[in-house]
Every structure is written in C-alpha cells, then in structure tokens.
Amino acid sequence: MNVTILSTSDVHGYFMADDFRRPLSNEGLGLTRAATAMKMLRAKTTQDTALVTIENGDFIQGSPLTDFIQKDRPEAASLYHQLTQQLKYDIRVLGNHEFNYGRIYLEEQLAQDPLLVNANILDTGTGQPFIGKPYRIIERQGLKIGVIGVTTSYIPHWEQPKHIVGLTFADPVEITQWYIKEIRSQVDVLVVAYHGGFARDLKTGVAIEPLTGENQGYELLQLDGIDALVTGHQHRQIAQFVNHIPTTQPGYRADHLGVIELKLDQDHQVTGQSARLLTTKEFKKNYFIDQLVKPTQAAANQWLDQVVGRVGDNMGIDQPFLARVKGHPFLSLVNQAQMAAGHTQIAATALFNDEVRGLHDQVTRRDIMTNYIYPNTLVVEKLTGQDIKDALEINAEYFQVDGDGELVVNPHYLEPKLQHYNYDVWTGIDYTFDYRQPVGQRVVNLTFQGQPLDLEQHYEVAMNNYRANGAGGFPMYRLDKVVREIQRETPSLISDYIRQHPNLHIPQPTNLSIVGYRTLGETK
C-alpha cells in the first residue's frame, strides 16, 4: 500500500494565473495551475494508493482579489468554499494571515468548514479549539490516516489585538505531542500539517534565524510517531528528510505543489518515503477553476482600475536595491501619508519586496494595492531619541560591505527567506549609516529639523501595526508605547493622501546617506 500527500500552502488568494500587476505580470503561479497538477497526480493514482490533499493555510487573505471580496463584495466569499470543494481538499489549516480581516470574518468563512483542523488556537474560556477539530482521521483504501493541524503560535506578535480577542495560542509542539499520544494507536499513518516553517537548518539543526517560536518545524520533526510533516508560512521551497521523516514546504501563491509519498508493507509499517515539489507553472490552467473565479476576478479588476489621482513621473522603481540605499519618492509618499494620518513629523516604512515597482503618474487602486501589499493599519508610538537610534542600528544591519568593498544585502535578509520587509526607510529625520564602524555603532549624523536628535526626548513616530509590535526584531517598539491608532488600512491612507494633493510632486529624498563602501552591488 502507498499513501500520497499533496499540499498547497500560502495561496494568499492567487487563484488565477495572475499577480494583478499591470503592465508587468507573472502568470507562473495560481491555484488554477496547481489544480491541474493535482488532477494529473490523481489520475496516476493506483488502487493501492491512498491520496490525501491538504490546504495548509493563508488561503483567504493576501491578494487584491481577497481585499476586494472582504471590502466590496462579501457575498463572493463563498468562492473560498467552492474552490476547496473543486480541488477536493481533505484538510484545511489556519494560517496567520487568516486573522488579518478580523476574527469575525475568519469565523464566517471557516467555522463551519468540516475540513478545518486546528489543534492549538484555543478559546481562552473553554481551552478547546475555537473553530475546527484538532485532528481528522481519514479512512481510505483500507488505511487510517490521521492529520493533526497546528499553526504558528507567534500570531499575537503581529496581529491587531482586537482580531484575536478571547484566543489562546498554545505551543504547537506541545499540543502535537499530546495528540500523538491520543491518536497514534488509532491510525496507520500520522501526518502533521503545520502553518509554520523552520528556524533551524534541516541538516545540522543550527539556528538560521532567531529562535522566537515563530517557526518550530524542526522541533516537530523530533517528535516520535510522525510519518510526514507539511509546512508553510515562510514561502520557502523545501522537500527534504529529517530523522527519516519527509517534509515539504510548497512556496507561495500556489507556485509549487508539495508531494510526499509513503510506502507501507502488509503490516502497514512505513518502509519507504519520498518528498518532492512540482513547479506549477509547467502545468496548464484548469478550465473549471478559471471559470469559477473569472466573474469575481473580472469585478475585482474593474474595482482595481479606478483612478485615484496623479503623482508625477518619478515614482517608478526599477532598481529596488538602490531605492533602499538612497530612499525613493515612493517610500516618501507612503511615509508622508502615514505622517498626515497619524499627525506626526516622523515615519518609517519598508519596500516590502523586489516586485514593488512604484507608481506611474496616473495612479489606480490596483497600483497602490500591488505596491503596498499588506492590510496594515497605522500606529503612532512615542519613542525616545535613543529608541529611534536603536531602531536605525537594526536597519543598518540590512547592508554589509564585502571583501571587495561592495555594499550588498546582508545574507540574513535573503536566506532562509526573503525579509526585505524588515528594513525600514525613514522620513522626517536625517541619518547616515557608516559601514566603517562595527555593528551597533553605524548610525551617525542623526538629526531632526536640523538639530542633533535628543536621545532623551520623546518623539511621535508613525509606522504600521506589524512593526509597532516589535515584529522583525525591533524590541524598542512595544504596544505600551502606542499613543494613537488609526484603524484604516495603509493603502486607503495612501489613496486619500493622493486625492487630497492633486498637484503632488515628491522629490528624491536626501535624508539618508551611506558611507564606508567603494561600489554598489546587491548580492555576490
């Protein structure tokens, strides 16, 4: 007998082969292509193979389409359930971004889904899963296959408190260990589906990122009784073995499909296994998925193409690396919108990834939402000058100077996952990074309104709610320093700012300088 486990993770609402950018477009992704790959594997399945399919979280949030459904077309949310039925998923897991639209919205979409497995996000009052069941046992081809579903417990460090009221995020390793003891004897094969990733190197166990508890996949692989582990969250592409246990992580936006195969003997003992990824861009689009999504996608495209205003001809980004080195008018626009809404004189924002291409002169809602891709809200914190300097020192670690004197991105921000979103560019202060100085002493010439920044004085700083919680390794930001919250998403604030400034022109900023290198690069 054989068991095949197929998984998608972090689809983020990219159902069609379209990343929504115009005129640029990436069509090598989307659930419609993953569906074709899944259908092909189903067709190849023999009678002695039990097939299990897993949707591993971050499904209902993350694209302009999901934003459109949540904001403008709530009745279209039935699409999510229709898609999971069409793809014949057996298991669904909660992702951290499932909470971004609030607990009520999440429960409306998922509470009644019989496929949902959730072992570690609990109702604080009852101690039981707030929605879903902790595991599911699937009987197929004479086999009993158990699947335990867990989610990163780090969600309170990112999410708005009002979105997670009454919830307890239990340690996924401890919870999984408890349920292994409960169901291992009842099943032939036990799978753990974890919306989380790996903070350790899978070969050596050495930490490759801070061990905060965000990504505990390696620790799950140390538990006895697991036959396979499906992961996600980091958007990495992984198909490996640890302790003879196969594990996968199938990328982002359905660009890969995870495939784990287990071979069982007559006593239903695992005697062989494999793990691989299929690149979905190699598959044609599934006609039925395309037709199912097409009406909502068409309406979303009309909504996205509504003109907001004009911003001049210098907002395009063709070199993201240089935009981070020198600052950029687009980043200044985001910061100015944050400062206007938050009534501050200082703000910080990030260029989230290298797909961000800035704005043309005429700006549509699509342009804003494909550049500022997260539904962050605005927070104002009261920080000391020392807090600001400490945060800038962390920003300064984003770059490093290599042996040839070239300024490049610190590999920590590139591997094991891209973290460009954890480097902020500031507006309202003037500052210099000096790479002749050691880490922690690189911020020099730090001024505010022409005077040295007073390290003991307090300043109000606008930032998004993700950063305000200290996410990204910024311990100086804390919720007890919050003085104001603007409960509107940043893309809306940017739209408002553009509308309110019909003759907007933002010059190239000059408040950021970097010294101590000979040439500019990006990576070696």
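**Exercises on a predicted model**

Let's start with one residue pair: in this predicted model, Ala348 has Trp426 in S21 as its bridge partner.

**Exercise 1.** Work out which sense of pairing S16 and S21 have, and where S21 sits in its sheet.

*Solution.* Start with the pairing: strand S16 (residues 346-350) runs antiparallel to S21, with four bridges between them. Next, lay out the whole sheet. It's an open one with five strands in the order S21-S16-S25-S18-S26, and its pairing is mixed. That puts strand S21 (424-427) at an edge, along with strand S26 (482-489), and each of these pairs on one side only. On average, neighbouring strands here are turned by 25° against each other, ignoring direction. Finally, look at what packs on the sheet: helix H13 (residues 490-500) touches strand S18 (377-384) and S26, and its direction makes about 80° with that of S26.

**Exercise 2.** Decide whether H2 and H7 are roughly parallel or roughly perpendicular.

*Solution.* First get the angle: helix H2 (residues 64-71) and helix H7 (residues 287-304) pack at about 85°, their axes 9 Å apart. Now apply the cut-off: 65 to 115 degrees counts as roughly perpendicular. H2 and H7 are therefore roughly perpendicular to each other. Then check who meets whom: the H2 side includes Leu65, Phe68 and Ile69, and the H7 side includes Val293, Ala300 and Trp303. Sorted by class, this contact has nine nonpolar, two polar and two charged residues.

**Exercise 3.** Find what His97 touches.

*Solution.* Locate His97 in the loop between strand S3 (91-93) and helix H4 (103-110). Its side chain makes a polar contact of 2.6 Å with that of Asn100. Leaving out residues up to four places away in sequence, His97 touches His12, Asp58 and Gln61.

Notes: Residues are numbered from 1 along each chain as its sequence is written. This is a predicted model: local features need pLDDT of at least 70, side-chain atom pairs count only at pLDDT 80 or more; totals for chains, interfaces and linings use all residues. Side-chain values use heavy atoms; hydrogens and water are left out. Helices (H or I, at least four residues) and strands (E, at least two) are DSSP runs, numbered from the N terminus. A polar contact is a pair of N or O atoms within 3.5 Å; within protein, one must be able to donate a hydrogen and the other to accept it, and residues adjacent in sequence count only if both atoms are side-chain atoms. Contact means heavy atoms within 4.5 Å. Two strands pair if DSSP finds at least two bridges between them. Axes are lines fitted to C-alpha atoms, for helices over the stretch in contact, and angles run from 0 to 180 degrees between N-to-C directions. Angles under 35 degrees count as roughly parallel, over 145 as roughly antiparallel, 65 to 115 as roughly perpendicular and the rest as oblique. Ala, Val, Leu, Ile, Met, Phe, Trp, Tyr, Cys and Pro count as nonpolar, Asp, Glu, Lys and Arg as charged, and the others, Gly among them, as polar.
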